[in-house]
Amino acid sequence: MDGNKLLERLTSQSGDPILRLDGRLLASSRDPRKEAKQWLDQLRPMISSSDRGLVIGVGSGYHLAALNLEFPRARVLAITLEGELIDAVRGIHGLNVANAEFYACESEAQVLNSSRVRTFLKSTVCMASHLPSQAANPVAYQEVLARLKM
């Protein structure tokens, strides 16, 4: 992650910890669990037909915890361009994100050059993005999405 970016841990109105990266919230400031449930509800039809999920953006991790709770046997690869978020998310959620394998990329190009990502994509995968994560670095995340959809 760029050394000029600031990662902060805050408390949402619901009392849950959330992350803010360079001034941008990575989850709802009101109720991150409710936001994660809504994210999952939109994806449920696609996820239920696959046992693997590729999630672009780790945010504050509530969406990953919701995915783990609803689909505990699913294998999830969560990609982030901000590697320091991984430890922060694990600190918030612990084993609630146990089925997520985290992958920190230093650049957009590294995503498809990774044997880890290519191997994961060889089987049926539900691909989903996390909008608050993308808002923190929109150009880079759009490039990642474009490369993955090739």
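Me: Which residue follows helix H3, and what is the sign of its phi?
Reply: In this predicted model, helix H3 takes in residues 84–93. The residue that follows H3 is Gly94, and its phi, near 55°, is positive.

Me: Which residues of H3 are buried, and why do they lie on the same side of the helix?
Reply: An α-helix has 3.6 residues a turn, so residues three or four places apart point the same way. The buried residues of H3 are Leu85, Ile86, Ala88, Val89, Ile92 and His93. They lie on the same side of H3 because they cover an arc of only 170° around the axis.

Me: Which exposed residues does the face of H3 turned away from its buried side carry?
Reply: The buried side of H3 is covered by elements that include strands E1, E2, E5 and E6 together with helix H2. On the face turned away from that buried side, the exposed residues are Asp87 and Gly91.

Me: Which residues does Leu67 contact, leaving aside its neighbours within four places in sequence?
Reply: In soluble globular proteins, nonpolar side chains tend to be buried together. Here the largest nonpolar core has 32 residues, and Leu67 is one of those that touch the most other members. Once its neighbours within four places in sequence are left aside, Leu67 is in contact with Leu40, Ile47, Val55, Pro72, Val76 and Asn99.

Me: Which element gives the most to the lining of the largest cavity?
Reply: The largest cavity has a volume of about 70 Å³, and its lining includes Trp39, Ile47, Leu67 and Cys126. Helix H1, strand E4 and strand E7 are the elements that give two or more residues to this lining. With three residues, the element that gives the most is E4.

Me: How many charged residues are in the lining of the largest pocket?
Reply: The largest pocket holds about 310 Å³ of space, and of the 17 residues that line it, the closest to its centre are Arg33, Tyr62, Ala65, Ala66 and Leu69. The elements that give two or more residues to this lining are H1, H2 and H3. By class, the lining has eight nonpolar and three polar residues, and the number of charged ones is six.

Me: Which element gives the most to the lining of the second largest pocket?
Reply: The second largest pocket has a volume of about 240 Å³, and Trp39, Gln42, Ser129, His130 and Leu131 are the closest to its centre among the 18 residues that line it. Two or more residues of this lining come from each of H1, H2, E7 and helix H6. With seven residues, the element that gives the most is H1.

Methods: Residues numbered from 1 in each chain as written. Predicted model: local features only at pLDDT ≥ 70, side-chain atom pairs only at ≥ 80, totals over all residues. Heavy atoms only, no water. Buried < 20%, exposed > 50% of the residue type's maximum accessible area, 1.4 Å probe, protein only. Helix = DSSP H or I, 4+ residues; strand = E, 2+ residues; numbered from the N terminus. Arc of directions from axis to C-beta. Contact = heavy atoms within 4.5 Å. 1 Å grid on protein atoms, 1.4 Å probe; cavity = no way out; pocket = protein on both sides within 12 Å on 5 of 7 lines; lining within 4 Å. Points joined across faces, edges and corners; volume = space filled by probe spheres on them. Core = buried A, V, L, I, M, F, W, Y, C linked by side-chain atoms within 4.5 Å. Nonpolar A, V, L, I, M, F, W, Y, C, P; charged D, E, K, R; others polar.
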